[in-house]
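Hi,

Here is the structure I promised to pass along. Have a look at it first, and my notes are underneath.

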Amino acid sequence: MQEVQGYEIITDEKTGKKLAFKMELNTTKTPLLSTEYRILKTLQGNVGFTNVYYFTSIGEDKIMIMDLLGQNLETLMKNNIAHCLSLKSVLMCAIQMVSK
């Protein structure tokens, strides 16, 4: 498993597809994974939203397995020397927002 900000990258043994594995410990001050799961399940199947394959509780901890997405906007900004989004990124976001 490769750990990335907020999730780990795992590989489905049957398909070889890379997936995101998210875990939220019961000690988390502001638990959000259950809410994220409910929202993603509601939006699943719509253009631009990820598929969630598995969600469960193990004891009081929660895990979710979903499609691996690209970098989030915060990471894109941090990786840019000027700490802002490129014109291409802004336009891609605008197109997605208008088309929804």
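Below is what turned up when I went through it.

First, a reminder that this is a predicted model, and everything below is computed from it.

**The overall picture**

The protein chain has 3 helices and 5 strands. If you walk along the sequence, the order is β-β-β-α-β-β-α-α. The C-alpha trace spans about 45 × 30 × 30 Å along its principal axes. Of the 100 residues in the chain, 19% are buried. The accessible surface is about 7,700 Å², and carbon and sulfur atoms account for 60% of that.

On contacts, take the ones between residues at least 6 apart in sequence: 40% of these join residues at least 24 apart. As for charges, the chain carries 11 positive and 10 negative ones, and the mean positions of the two sets are 7 Å apart.

**The cores**

The largest nonpolar core is made of 6 residues: Ala-20, Leu-33, Leu-40, Val-52, Met-64 and Met-66. Two elements, α1 and β5 (61-67), each give two or more residues to this core. There is also another core, lying apart from that one, with 5 residues, including Ile-10, Leu-19, Phe-21 and Ile-63.

Met-66 is a good one to click on. Setting aside neighbours within four places in sequence, Met-66 is in contact with Leu-19, Ala-20, Lys-22, Glu-36, Leu-40, Thr-50, Asn-51, Val-52 and Tyr-53. Three of the names in that list, Ala-20, Leu-40 and Val-52, also belong to the largest core, while Leu-19 is part of the other core.

**The aromatic pair**

Searching the whole structure gives 1 aromatic pair. The partners are Tyr-37 and Phe-55, and they are stacked, with 4.4 Å from centre to centre and 10 degrees between the planes. The pair connects distant parts of the chain: Tyr-37 sits in helix α1 (residues 33-43) and Phe-55 in strand β4 (residues 52-58), 18 residues apart.

Are these two buried or exposed? Neither, quite: Tyr-37 is partly exposed, at a relative accessible area of 22%, and Phe-55 is partly exposed too, at 23%. The cut-off for buried is under 20%, so Tyr-37 at 22% and Phe-55 at 23% do not meet it.

**A few residues to look at on the surface**

- Val-47 is in the loop between α1 and β4. Val-47 counts as exposed, with 70% relative accessibility. The C-alpha atoms of Val-47 and Gln-96 are separated by 9.1 Å, although the two residues are 49 apart along the chain.
- Ile-58 belongs to strand β4, the strand that also holds Phe-55. Ile-58 is exposed, its relative accessible area being 53%. From C-alpha to C-alpha, Ile-58 and Leu-25 are 9.6 Å apart in space, against 33 residues in sequence.
- His-83 is in the loop between α2 (73-79) and α3 (87-99). The phi angle of His-83 is near 55 degrees, which is a positive value in a residue other than glycine. His-83 also counts as exposed, at 51% relative accessibility.

If you open just one view, I'd start with the stacked rings of Tyr-37 and Phe-55, then move on to Met-66 and the residues in contact with it.

Cheers

Terms used:
Residues are numbered from 1 along each chain as its sequence is written. This is a predicted model: local features need pLDDT of at least 70, side-chain atom pairs count only at pLDDT 80 or more; totals for chains, interfaces and linings use all residues. Side-chain values use heavy atoms; hydrogens and water are left out. Helices (H or I, at least four residues) and strands (E, at least two) are DSSP runs, numbered from the N terminus. Buried means under 20% relative accessible area, exposed over 50%, partly exposed in between (1.4 Å probe, protein chains only). Contact means heavy atoms within 4.5 Å. Accessible areas come from the Shrake-Rupley method with a 1.4 Å probe; for residues, only the protein chains shown count as cover. Lys and Arg count as positive and Asp and Glu as negative; His and the chain ends are not counted. The place of a charge is taken as NZ of Lys, CZ of Arg, CG of Asp or CD of Glu. Rings of Phe, Tyr and Trp (its six-membered ring) pair if their centres lie within 6.5 Å; planes under 30 degrees apart count as stacked, over 60 as edge-to-face and the rest as tilted. A nonpolar core is a set of buried Ala, Val, Leu, Ile, Met, Phe, Trp, Tyr and Cys residues joined through side-chain atoms within 4.5 Å.
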